[in-house]
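This report goes through aromatic contacts, charged pairs, the nonpolar surface and model confidence, in that order.

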Amino acid sequence: MALNFWTALFAWTGCFVATLVISLFTKRTKSDEELRGLVHSLTPRIEEGYLPWYKRPVALAVLVLVVSTVLNVIFW
């Protein structure tokens, strides 16, 4: 298992370094207008307005966290 771990670590490091090097040495060929809708930082945020609590992802995430914490305490 140690060989698998080290192989994965070296592969991830190589991929990370290659991504950085390629990104730094390539020229940007598209303008901001061409990238709008494709790149997260250039895409306008959608305002959802008022939603009930059961349709909000944060409220549901907190509910799941509380329920799983209570179940872990009960069945510890």
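## Aromatic contacts

F16 is partly exposed, with a relative accessible area of 43%. The model is a predicted one, and F16 takes part in one of its aromatic contacts, a stacked pair with W12. The ring centres of W12 and F16 lie 5.2 Å apart, and their planes meet at 10°. Both residues belong to helix α1, where they are four residues apart, or about one turn of the helix. W12 counts as exposed at 54% relative accessibility, because the exposed class begins over 50%. F16, at 43%, is in the partly exposed class.

In total the structure has four aromatic pairs. Another of them joins F5 and W6 in an edge-to-face arrangement, with 5.5 Å from centre to centre and 75° between the planes. W6 is partly exposed, its relative accessible area being 43%. F5 and W6 also belong to one aromatic cluster together with F10.

## Salt bridges

How many salt bridges does the structure hold? There are two, and the table gives the N to O distance for each pair.

| Acidic residue | Basic residue | N to O distance |
|---|---|---|
| D32 | R28 | 2.2 Å |
| E33 | R36 | 3.1 Å |

Each bridge can be described further by the accessibility of its partners. In the D32 and R28 pair, D32 is partly exposed at 36% relative accessible area, whereas R28 is exposed at 55%. In the E33 and R36 pair, E33 is exposed at 59% and R36 is partly exposed at 40%.

## Nonpolar surface

A nonpolar patch of about 1,200 Å² lies on the surface. Its members include the aromatic residues W53, Y54 and F75, and among the others are V58, L60, V62, L63 and V66. V67, V70, L71 and I74 also contribute to the patch. V58 is located in helix α3, which covers residues 57-74. The relative accessibility of V58 is 62%, so V58 counts as exposed and is over the 30% that patch residues need.

## Confidence

The mean pLDDT of the protein is 92, and 100% of its residues reach 70 or more. Which element has the lowest mean pLDDT? Among the elements of the protein, helix α2 (residues 32-35) has the lowest value, 90, while helix α1 (residues 2-25) has the highest, 96. Where pLDDT is low, predicted coordinates should not be read in detail.

Definitions and conventions
Residues are numbered from 1 along each chain as its sequence is written. This is a predicted model: local features need pLDDT of at least 70, side-chain atom pairs count only at pLDDT 80 or more; totals for chains, interfaces and linings use all residues. Side-chain values use heavy atoms; hydrogens and water are left out. A salt bridge is a side-chain nitrogen of Lys or Arg within 4 Å of a carboxyl oxygen of Asp or Glu. Buried means under 20% relative accessible area, exposed over 50%, partly exposed in between (1.4 Å probe, protein chains only). Patches are made of residues with over 30% relative accessible area and no salt bridge: like charges are joined within 9 Å, nonpolar side chains (Val, Leu, Ile, Met, Phe, Trp, Tyr) within 5 Å. Accessible areas come from the Shrake-Rupley method with a 1.4 Å probe; for residues, only the protein chains shown count as cover. Helices (H or I, at least four residues) and strands (E, at least two) are DSSP runs, numbered from the N terminus. pLDDT is the predictor's confidence in each residue, from 0 to 100. Rings of Phe, Tyr and Trp (its six-membered ring) pair if their centres lie within 6.5 Å; planes under 30 degrees apart count as stacked, over 60 as edge-to-face and the rest as tilted.
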